[in-house]
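Let's take a walk through a protein together, one step at a time. Please have a look at the picture below before reading on.

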Amino acid sequence: MSLSVRSSDAPESVPRNASPAPSSAELLEFVRRTAVDAPLVASLPLDPEGRTWVRLDGPGGSEAWLIGWPPGTGTGWHDHGGSHGAFAAAAGTLREESLAARIPTEGWKTLELADGVDRERQLTAGRGRAFGAHHVHQVLNESADKHAVSVHAYYPPLPMMRRYSRTGAVLRLEHVEHPEEWQ
């Protein structure tokens, strides 16, 4: 005999087997764990001319990537289209420059940043960081001769990325990229 139990506390619109969205802390734990997976990191093809990447299965429906960074490369200033996430260095050293300010997502083309909003950190192999949905940053491999490798995870999967240019305190929205441009 089979017995079906239904909880009246569960909302009707949530499927019974749905997993909750991963938190920033869970994404950070995933990228750190993945960054120390030596066979996976070693499997990434490295190109001396440009970044390389492989899509990974992230936790709870998140989007995840293993990314190779040739010496002297970087992302430029960008956001993650409202997704929160985390990243960790798996090899080499990456420098992250970020803004400690909530940047509006619409209705502007140029902003003047206040003094004191700049943040910087170095991420060496095994070190990572989580970030919220309004995070604006750039990531750089400043080594003159060594590749870096990192693991990134985002939830929800990136709906877009806004690209910015920066001159001194002036941040300018330059372009909005959609997933079909990088997948």
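How much area does the protein expose, and what percentage of it do carbon and sulfur atoms supply? The exposed area is about 10,200 Å², and carbon and sulfur atoms supply 52% of it. Such accessible areas come from the Shrake-Rupley method with a 1.4 Å probe, and for residues only the protein chains shown count as cover. Please keep in mind that this is a predicted model, in which local features need pLDDT of at least 70 and side-chain atom pairs count only at pLDDT 80 or more, while totals for chains, interfaces and linings use all residues. Residues are numbered from 1 along each chain as its sequence is written, and side-chain values use heavy atoms, with hydrogens and water left out.

Now for the overall plan. The protein has 2 helices and 12 strands; helices (H or I, at least four residues) and strands (E, at least two) are DSSP runs, numbered from the N terminus. Reading from the N terminus, you meet the elements in the order α-α-β-β-β-β-β-β-β-β-β-β-β-β. Of the 183 residues, 40% count as buried, where buried means under 20% relative accessible area, exposed over 50%, and partly exposed in between (1.4 Å probe, protein chains only). Among contacts with a separation of 6 or more, 75% come from residues 24 or more positions apart, a contact being heavy atoms within 4.5 Å.

Ala 89 gives us a place to see such contacts. This residue sits in strand S4 and is buried, with a relative accessible area of 0%. Setting aside neighbours within four places in sequence, its contacts are Ala 35, Leu 123, Thr 124, Ala 125, Gly 126, Arg 127, Val 149 and Ser 150. From Ala 89 to Ile 67 there are 22 residues in sequence and 9.5 Å in space, C-alpha to C-alpha.

Next, let's look at charged partners. A salt bridge is a side-chain nitrogen of Lys or Arg within 4 Å of a carboxyl oxygen of Asp or Glu, and by this rule the count comes to 8 salt bridges. One of them joins Arg 162 and Asp 79, with the closest N and O atoms 2.8 Å apart. Arg 162 lies in strand S11 (residues 161-167) and Asp 79 in the loop between strand S3 (77-78) and strand S4 (84-91), so this pair ties together parts that are 83 residues apart in sequence. Both Arg 162 and Asp 79 are buried.

Another salt bridge brings together the side chains of Glu 142 and Arg 95 (2.3 Å, N to O). Glu 142 is in the loop between strand S9 (137-140) and strand S10 (148-155), and Arg 95 is in strand S5 (residues 93-99), so the pair links parts 47 residues apart in sequence. Arg 95 counts as buried because its relative accessibility is 12%.

A further salt bridge joins the side chains of Arg 166 and Asp 118 (2.5 Å, N to O). Since Arg 166 is in strand S11 and Asp 118 in strand S7 (residues 118-124), the pair ties together parts 48 residues apart in sequence. Arg 166 is partly exposed, at 23% relative accessible area, and Asp 118 is partly exposed too, at 43%. Salt bridges that share partners also join Arg 95, Glu 97, Glu 120 and Glu 142 into one network.

What about the empty spaces? Rolling a probe the size of a water molecule over the atoms shows where empty space is left. On a 1 Å grid over the protein atoms alone, a cavity is a set of points where a 1.4 Å probe fits but cannot get out, and a pocket is an open set with protein on both sides within 12 Å along at least five of seven lines; lining residues have an atom within 4 Å of a point. Grid points are joined across faces, edges and corners, and a volume is the space filled by probe spheres set on the points.

The largest pocket holds about 330 Å³ of space. Its lining has 19 residues, of which Arg 51, Ile 67, Met 161, Arg 163 and Trp 182 lie nearest its centre. The largest share of this lining, 4 residues, comes from S2. The largest cavity holds about 40 Å³, and among the residues lining this cavity are Asp 79 and Arg 162, the salt-bridge pair we met earlier.
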